[in-house]
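Here are my notes on the model you asked me to look over. Have it open beside you while you read.

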Amino acid sequence: MMDLILEAWVSGSVERTRASWMLGAGKPWQPGEKLKLLFAGYNGTRNMGSDVRVDEMLRQIRHILGSERVDFSVMSQNFEFSKGYFEGTNQVHLPDIFPPFLAREVPKHHGVVACEGSMFKSKFANALTAMMIGSLGIAAAQNKLSVGYGAEAGHMDPLIAKMCSRYCKNSLVITRNEESRTLLRELGVPTELGTDTAWTFEPRSAEYGQSILRQVGWDGRTAVLVVCPINPFEWPVTASVAKYALRRVTGAYKDSHYRTVYFHNSGPAADRAYQHYLTAIANAVDAFRKQRNVFVILVATERLDARPANRIAEKLGGVPVLTSDQYNMYELVSILRACHMMASSRYHGIVTSMPALVPSAGITMDERIRNLMGERGHQDLLMNVDDPDLESKLFAALGKLATDGERIADGIARTVVKNLKVMARMGVFFEEEVQRRYPEFPTRTGEWSWEDYLPPMNASLRQLVGAYS
């Protein structure tokens with residue numbers, strides 16, 4: 001019921017904004033002004049993937065439009081968790097009850113860039129998707145720039161799908177795979193094909209990651225296997241005032257409480273599936289390390305992942321657990337890239353390790369890792385979180401990581417370079433959309449190569465481009 005209230009609240013905000021705009025309220029961008037853009041996303045929760053991709057969006061779009069011509073703001077749910085992130089960008093607080101905030105904040109800007117990767121799907125939270133739709137819809141209602149950047153679309157509940165169709169039909173959504181584009185086009189949403197934006201992220205030095213591994217017990221020689229787990233069965237998160245009230249009065253729903261009025265999926269079936277997932281991963285890793293000499297670490301790239309990481313570490317007799325609470329995104333990606341093999345249920349754990357050519361296997365709960373592994377040509381390294389034989393499949397995949405590293409790294413390198421080019425094309429689409437919305441906005445002139453539509457790349461990325469372009 002609470003989700004329905006939020007969805008109706010957001011819809012009402014978009015409709016009121018449209019009516020006010022038609023009656024003359026609000027100010028469009030004027031030549032000579034800086035272009036004020038609001039980047040709407042799930043930031044400030046120490047979710048490494050969400051923060052990394054937004055950081056690179058900001059760098060790319062600022063590079064294309066010119067830092068002297070723009071003024072960017074990004075949403076954050078906790079300023080302490082996003083401290084030191086998003087250089088040169090204002091941070092505005094996104095409250096848990098967000099519709100009034102959207103109605104107040106979005107009209108202050110000349111456009112919205114929706115940032116969340118899982119932008120249009122009910123798998124994680126209808127509230128999050130409603131927030132994305134509302135951000136884009138309010139901007140579009142004022143005939144302002146309204147762009148979803150690097151978006152993914154999956155199954156949406158009927159009301160959310162109708163909201164998307166109604167309020168995003170005047171937006172441009174650049175998806176990160178063809179499957180998402182097809183789904184959105186069926187809803188009448190204009191799309192272009194793009195990719196994720198984390199490919200150009202530059203973490204701290206390789207020496208930093210290696211030094212942290214040594215601090216937690218690595219000898220500097222043994223191959224490092226990093227495992228990035230999640231709890232895939234605690235989704236979706238739903239809003240519930242009734243549960244919130246019982247939680248406050250009786251302490252019920254303690255284990256499934258996310259924050260304020262939001263609660264994770266829970267119940268005996270979810271608990272059994274979760275236990276199977278944890279046990280399968282722990283047993284496969286244990287068998288693998290008995291067969292080969294490897295140093296195992298667990299990394300939680302999102303704060304919530306510390307719970308499954310610690311559970312698996314306990315089953316393995318106590319191995320190091322490194323979390324996004326302890327390390328910021330620059331540090332955590334450096335640690336991932338210092339490893340030699342990866343098994344991950346986190347999409348961005350895989351993506352951010354790929355520029356360092358770390359061989360990786362994916363244990364997926366949805367289409368994101370599945371699409372990525374298909375793109376790499378590594379379907380044999382893909383498993384589902386609920387596979388009955390997950391343990392044996394993961395053990396086999398870990399063996400391939402150890403023996404076929406060069407072949408896997410070659411597929412990874414080709415995929416990185418391909419996605420860098422697609423990310424550059426996204427920049428072209430974005431620049432064209434700015435010109436369409438604001439024909440008088442000054443854009444770059446002259447001839448530009450595809451690399452000019454990316455944020456500045458480090459030496460290792462440039463070497464990959466030179467070798468595989």
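1. Secondary structure. This is a predicted model, and its chain comes to 16 helices and 16 strands.

2. Overall dimensions. The radius of gyration is 22 Å, which agrees with the value near 23 Å that a compact globule of 469 residues would have. Measure the C-alpha trace along its principal axes and you get a span of about 70 × 60 × 40 Å.

3. Inside and outside. Buried residues account for 59% of the 469 in the chain. The accessible surface adds up to about 18,300 Å², and carbon and sulfur atoms hold 51% of that.

4. Contacts along the sequence. Take the contacts between residues at least 6 apart in sequence: 73% of them join residues at least 24 apart.

5. Charges. I get 54 positive and 51 negative side chains. How far apart do the centres of the two sets lie? The answer is 3 Å.

6. Aromatic pairs. The chain has nine aromatic pairs. One of them is Trp29 with Tyr438: the ring centres are 5.6 Å apart and the planes meet at 55°, so this pair counts as tilted. Trp29 sits in the loop between α1 (2–22) and β1 (35–40), while Tyr438 is in the loop between α15 (405–437) and α16 (459–468), so the pair ties together parts 409 residues apart in sequence. Both Trp29 and Tyr438 are buried. There is also an aromatic cluster, formed by Tyr85, Phe86, Phe201 and Tyr330.

7. Positive phi. Most residues other than glycine have a negative phi, so a positive value deserves a look. Arg46 has a phi near 60°; look for Arg46 in the loop between β1 and α2 (48–65). Its relative accessibility is 12%, so Arg46 counts as buried. Tyr253 is another non-glycine residue with a positive phi, at about 65°. You'll find Tyr253 in the loop between α8 (241–250) and β10 (257–259). Is Tyr253 buried or partly exposed? With a relative accessible area of 34%, Tyr253 is partly exposed.

8. Ser118. This residue is in the loop between β4 (111–114) and α4 (126–141). At 5% relative accessibility, Ser118 is under the 20% cut-off and therefore buried. Which residues does Ser118 touch, leaving out those up to four places away in sequence? They are Phe124, Leu128, Glu152, Arg176 and Arg368.

9. Ala127. Helix α4 itself holds Ala127, which counts as buried at 7% relative accessibility. Not counting residues up to four places away in sequence, Ala127 touches Asp3, Leu6, Phe98 and Tyr262. Thr238 is 111 residues from Ala127 along the chain, yet their C-alpha atoms are separated by 7.3 Å.

10. Asp96. Asp96 belongs to the loop between β3 (90–93) and α3 (99–105). Tyr262, listed above for Ala127, is also among the residues that Asp96 touches, along with Gln77, Arg259 and Thr260, again with residues up to four places away in sequence left out. From Asp96 to Leu193 there are 97 residues in sequence and 31 Å in space, C-alpha to C-alpha.

11. Leu102. Follow the chain into helix α3 and you reach Leu102. Its relative accessible area is 1%, so Leu102 is buried. With residues up to four places away in sequence set aside, Leu102 touches Met75, Pro107, Met131, Gly134, Ser135 and Ile138. How far is Leu102 from Ala223, C-alpha to C-alpha? The two are separated by 48 Å, with their positions 121 residues apart along the chain.

12. Asp305. The last residue on my list is in the loop between β12 (294–300) and α10 (306–315). Asp305 is buried, with a relative accessible area of 2%. Apart from neighbours within four places in sequence, Asp305 is in contact with Pro229, Ile230, Ala300 and Arg346.

Terms used:
Residues numbered from 1 in each chain as written. Predicted model: local features only at pLDDT ≥ 70, side-chain atom pairs only at ≥ 80, totals over all residues. Heavy atoms only, no water. Helix = DSSP H or I, 4+ residues; strand = E, 2+ residues; numbered from the N terminus. Rg over C-alpha atoms; globule rule 2.2 N^0.38 Å. Buried < 20%, exposed > 50% of the residue type's maximum accessible area, 1.4 Å probe, protein only. Contact = heavy atoms within 4.5 Å. Areas by Shrake-Rupley, 256 points an atom, 1.4 Å probe, with all protein chains shown as cover. Lys, Arg positive; Asp, Glu negative; His and termini not counted. Charge placed at Lys NZ, Arg CZ, Asp CG, Glu CD. Phe/Tyr/Trp six-rings, centres within 6.5 Å; stacked < 30°, edge-to-face > 60°.
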